[in-house]
Structures are given as structure tokens and as C-alpha cells.
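Open your viewer and keep the selection panel handy. We will go from one stop to the next.

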Amino acid sequence: MRLRVGFVVIAMVLSVFGARLVQLQGLDSESYAEMAAAEGSVQIVLPATRGDILDRNGEPLAESIDGLMLVADPQLTRDQAPELARFLADEMGLDYFDTLDRLRAPDSRFQYLARRVPAAQATAVVAKAEAEGFEGLGTERDPVREYPGHDVAANVVGFLGTPDPLEGVQPLAGLELTFNKRLAGKDGKATYQVGKGYRIPLADSTTVDPVEGRDLHTTLDMDLQWYTQRVLRQTVEDAGGDSGVAIVLDSRTGEILALADDPTYDASKPLDSPKEDLGSRALNDVYEPGSVEKVLTMSSLLDAGLVTPRQHILVPPELARQDRVIHDWFAHGDLKLTLAGVLAKSSNIGTVLAADKMSPRRLWRYLRGFGLGQRTNVGILGEAPGILTDGAAMTPQTKDRVAFGQSMSVNALQMAAAVNTIANGGEHVSPSLIEGSARTRGGQVVGTDHATVNRVVSAKAARQTARMMELVVDPDVGVAPAAAVPGYRVAGKTGTAQRVGEGCSCYDGTFTVSFAGFAPADDPRLTVYVVVQNPRNGGGGGSVAGPAFSKIMGYALRHFAVPPTGTKAPALPATWGQ
């Protein structure tokens with residue numbers, strides 16, 4: 001009997017539900033549609049999640065985290081608009097008058113109040129508003145961009161901006177800008193009907209799902225980038241310099257493992273820093289490289305068979321040429337130096353005498369092969385190509401100065417890749433910042449999949465040059481013993497160049513100092529280049545940039561577990577007739 005009564009009760013309940021369903025779907029569907037039309041239609045943006053920018057190990061340099069947009073239904077907020085606007089101004093720092101206008105918007109059921117708010121904050125504000133008796137606030141999904149490392153690789157990664165805080169973000173610099181189409185994806189949208197502050201069931205609605213952005217993988221190593229930036233900052237500060245750059249390359253692949261600029265900025269708060277610090281000086285700024293360029297001249301001469309490392313060169317105190325007198329950075333009498341000794345002592349005069357054996361056009365062809373006078377095209381907008389006088393127009397006087405790094409200009413990455421050619425056995429490998437393949441906003445496809453390799457000098461000439469470069473850090477012969485890395489054979493070269501003043505288009509008495517090199521010298525794995533602009537402590541490339549090179553190279557070798565080769569450098573004389 002009880003079982004039969006139970007079945008009857010269940011049947012009655014199901015009949016009620018069935019009748020209501022028929023009413024909703026059939027008999028009263030028109031009345032609900034009319035109610036929806038009367039109350040209003042709402043269209044909201046369904047933001048796409050922006051792709052992450054990652055280092056070579058998958059660590060985020062820029063990422064999208066959970067966020068919410070704060071929205072309001074003016075029909076429910078209008079009566080308490082002044083009080084609610086004051087509440088939101090206090091809780092979230094929103095503009096009182098703009099918020100008041102939105103809370104009172106006529107003929108509207110949906111208004112944005114704030115975009116890209118951290119989820120916890122937005123949820124807490126809505127809950128507190130409801131607890132204080134306010135109605136009509138809500139939230140919708142709206143991802144927030146975050147830069148976990150703050151200043152780590154900021155000059156490369158770039159940042160986003162919001163000209164209108166209630167509209168979508170816009171990329172303004174760095175990789176965020178260059179690869180925006182890949183990272184951004186495409187927003188979707190949803191349209192639905194509301195009544196009395198709530199979505200009406202069964203009313204017309206449409207949804208276009210967002211297309212999520214794609215991640216961008218870089219070749220950078222976040223830990224090495226962090227360390228390189230800290231060493232560079234300390235170096236610039238200790239030298240009283242204006243700015244600096246430090247670059248670490250994989251000698252074999254040309255992948256950029258670290259690309260540091262100083263001063264830099266916090267990508268989460270870019271407007272707190274001067275505009276001139278928001279780009280990448282490593283690619284956007286050009287300068288005369290000075291004596292680091294001698295490495296390219298010497299290797300070219302060796303490759304052409306015009307000289308040998310033991311070549312005898314008599315270096316006078318000064319050298320009168322067609323349009324000026326050439327001096328060395330140090331005063332001396334007649335010096336009997338080998339070609340290796342000329343490089344070790346960084347003699348301008350000795351370099352010019354050796355380069356007399358090569359025509360301007362031929363030297364120009366070699367330097368073009370090293371990548372000078374042309375952009376690296378790694379994916380940073382605004383890269384400067386530098387200046388290298390065409391071989392047909394290069395006079396003997398210009399060639400003299402180019403041979404030791406004047407009357408030409410480079411960007412730092414360009415010069416690092418040029419020196420890396422010697423580390424890579426004479427083959428220039430184009431540097432890469434992006435792993436795999438990606439298309440820039442200009443339509444150029446870049447990345448490790450598209451790296452190019454071309455032979456510039458023979459493997460023998462590269463080995464000979466590397467051996468000569470080892471003398472530069474030799475404490476008994478060279479000018480930069482502070483660049484040595486204990487336990488490793490290091491090949492390197494100093495650079496100290498005069499700077500051209502903006503106001504006079506002439507040398508203004510300030511200098512660019514630098515050090516470039518690679519290790520292990522007899523089996524190169526890493527190439528490091530450090531540049532400091534306008535040091536005021538009187539130091540040169542060996543004393544200012546050399547110690548920074550040593551610290552960065554030492555850390556990088558340990559970080560990538562590169563063992564010492566355990567070999568000793570073959571003897572190579574720096575002088576003759578002594």
C-alpha cells in the first residue's frame with residue numbers, strides 16, 4: 001500500500017514539472033521573449049587569454065593570470081550611485097565621477113567599471129559591496145598580464161599599455177609588440193537578455209568563443225639573465241657610467257642566452273621609468289666598437305694569407321697618414337711586436353700597418369661577412385643596422401680607422417655575433433632570440449629554425465685568432481688579466497673607443513669601453529660581450545668591462561656545467577728581437 005502511494009506522489013510531481021516545461025517551451029515562450037525584449041540585451045567581451053612569453057626552460061617572463069572585470073547593471077545601481085561610486089573609489093581607486101556616470105547610465109543594463117582586476121580583489125570588493133547593501137555589481141572573466149621577474153629581460157620582453165583603462169590592452173614595446181598577433185589571440189563575445197538584473201532563461205543568446213593566444217618561447221635563460229643584469233648594473237654604477245649592455249651567446253648555435261640592458265625598468269610599472277630606458281640599447285643604439293674590432297681585422301688578414309701570428313711588425317711611436325697622425329692608447333718608443341703582440345697590446349699603429357696588406361674593398365667584404373652594417377633581425381623593433389662604409393667608397397684613410405674600430409658603428413648584438421664567428425670556427429651564425437619559428441608584425445619569419453650559417457674565415461684562421469686573443473688576458477703580456485676565468489682558457493679582446501657627441505657630431509671626450517671573448521678558448525661554448533658607455537672612473541675596457549666579463553662568463557660556465565678542457569695554451573711570442 002505504501003509503495004503504491006509513493007508511486008502516485010512521484011507521478012504527481014513529475015506531472016507538475018512536465019506541465020511547467022510545456023508552459024516554458026510552448027505556451028508561454030512568447031511572453032518570456034517579450035519580457036526579455038522589454039528588459040534589455042547585453043553584449044559582453046569574452047577576452048582571449050594572451051600567450052605567455054617563456055624562457056628556454058619554460059619559465060614565464062610574461063604570463064596571463066586569472067583576473068576579472070568589475071561590471072554594473074545601472075538599473076540596479078542608479079538609486080545608490082553616489083554612495084556606491086564613493087565606495088568603489090575608496091576600495092579600488094576608481095575615478096569617482098566617471099564611475100558615477102556609469103552607475104547612472106540611462107537605457108543600459110551593462111557597464112564596465114574596471115578591467116583586468118586580480119580575481120581575489122574583484123571578488124572581495126563585490127562581496128563587501130553586497131554586505132553593505134549595494135546591488136548590481138558583478139564580475140566577468142578578464143585575464144591579467146603579469147611579469148614575474150619584474151625587471152628581468154624587461155628591455156627584451158616589453159610591456160602592455162592601457163590608453164583607456166576600460167578597453168583592451170595594447171602592446172607598446174619589445175616582444176609583446178613584435179609578436180602581438182601571435183600572443184594576443186582574438187576576443188570573443190556573448191550576447192544575452194537580462195531582466196531585473198538576472199539573465200533570462202531560454203531567451204535568445206549567442207556566443208562567439210575567444211581564440212586564445214599562443215605562447216612565445218625565447219632562447220633566454222631566466223637565471224643567467226637575472227645574474228647578468230645584476231653584474232652589469234653594479235659595473236655601470238661602480239664606473240659612474242651612463243648605461244651598459246651585456247650579452248651571452250651559445251657559441252655554437254648563436255642562441256641568445258642573456259641580453260641585459262642597464263638602466264632597465266620594471267615591466268609591471270613601466271611608466272615609473274624614463275622613456276629612454278624602455279627600449280633595448282643592445283639593438284637600438286649604435287657606437288664605435290673600438291679595438292674589439294681588431295679581432296675581425298686580424299682574422300681577415302690571417303684568412304687571406306697576408307700575415308701570420310708571428311709576423312714581425314715594427315711599431316713606431318706615432319704613424320703619419322694621409323689626413324692625420326695615428327697614435328696608440330699608451331706612449332711608447334719603437335716596439336718590436338709580433339702580430340699576436342699587436343693584438344695583446346691593442347696597438348692601433350700595429351693594426352694599421354698590418355692592414356696595409358689588404359685593400360679597402362676586400363676588408364669591407366670580410367666585415368660584411370661578419371654581419372656588420374646590417375641588422376641581426378632577431379625580432380626586436382627599432383634595431384639599428386650600424387654604419388659600414390661601402391667598399392667602393394672606402395678610402396685608404398677610412399680603412400685605416402675602420403681597421404681598429406673607428407669611422408664605423410655597430411649595435412651590441414651585432415658585435416657579439418661578429419666575435420662569436422671566431423668562437424664558432426670561422427662561421428658566422430645569425431643570432432636567435434626565439435626558439436623555433438615565429439612571425440613578426442612586419443611579416444618576417446624569425447627564430448632558431450631560420451638561423452643562417454656562412455663561413456667568413458677558415459677554421460685555421462679562427463684558431464690562430466683565438467690563440468692570439470688568449471694573450472690579451474695573459475698577466476705577463478696582455479692588457480686585461482682581470483678578464484680571466486680561473487681554471488679556464490679564455491680568449492678575449494678589449495675595446496676603448498671615443499664617442500661622438502650629439503651636439504657637435506664630433507668626438508666629445510667621452511668613451512665606450514668593452515670586452516668581448518669566449519671560453520673555453522680551445523673548445524668554445526659561450527661568448528660574452530660587455531659594453532659600458534661613458535665611464536667616469538677613468539677605466540678602460542680591461543679594467544671596467546673585463547671584470548664583469550669574468551664574473552658573467554664564470555657563472556655561465558658553471559650554470560651550463562661546461563668543464564675546463566684541461567689543456568695549456570701553446571706558446572706564442574708577443575715580441576721579436578728582444
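Which residues lie nearest the centre of the largest pocket? Select Arg115, Arg116, Thr162, Val169 and Ser268 to find them. Bear in mind that this is a predicted model.

**Stop 1: the largest pocket**

Stay on those five residues. They belong to a lining of 30 residues. The space in this pocket comes to about 740 Å³.

Next, colour the lining by class. You will find 17 nonpolar, six polar and seven charged residues.

Now look at what supplies the lining. Select helix 5 (96-103), strand 5 (111-118), strand 7 (144-146) and strand 8 (160-161); each of these gives at least two residues. Strand 5 gives the most, with five residues.

**Stop 2: the sheet with strand 5**

Keep strand 5 selected and add strand 4 (residues 67-72) and strand 6 (137-141). These three strands form an open sheet in the order 5-4-6, and the pairing is antiparallel. Strands in a sheet are held in pairs by backbone hydrogen bonds.

Which strands are at the edges? Strand 5 and strand 6 are, as each pairs on one side only. Look along the sheet for its twist, which averages 30° from one strand to the next.

Zoom in on the pairing of strand 4 with strand 6. Five bridges join them in the antiparallel sense. To see one position, select leucine 68, whose bridge partner in strand 6 is arginine 141.

**Stop 3: helices on the sheet**

Add helix 4 (residues 81-92). This helix lies across strand 4, strand 5 and strand 6. At what angle to strand 5 does helix 4 run? The angle is about 20°.

Then add helix 6 (residues 119-131), which packs on the sheet and touches strand 4, strand 5 and strand 6. The direction of helix 6 makes about 135° with that of strand 5.

**Stop 4: the second largest pocket**

Clear the selection. Pick Asp285, Val286, Tyr287, Arg499 and Gln533, which lie nearest the centre of the second largest pocket. Its lining has 24 residues. The elements giving two or more residues to that lining are strand 14 (243-250), strand 24 (491-500), strand 25 (507-519) and strand 26 (526-533).

How many residues of each class line this second pocket? Colour by class again: the lining has eight nonpolar, eight polar and eight charged residues. The volume of the second largest pocket is about 620 Å³.

Key: Residues numbered from 1 in each chain as written. Predicted model: local features only at pLDDT ≥ 70, side-chain atom pairs only at ≥ 80, totals over all residues. Heavy atoms only, no water. 1 Å grid on protein atoms, 1.4 Å probe; cavity = no way out; pocket = protein on both sides within 12 Å on 5 of 7 lines; lining within 4 Å. Points joined across faces, edges and corners; volume = space filled by probe spheres on them. Helix = DSSP H or I, 4+ residues; strand = E, 2+ residues; numbered from the N terminus. Nonpolar A, V, L, I, M, F, W, Y, C, P; charged D, E, K, R; others polar. Pairing = 2+ DSSP bridges. Axes fitted to C-alpha atoms, helices over the stretch in contact; angles between N-to-C directions. Contact = heavy atoms within 4.5 Å.
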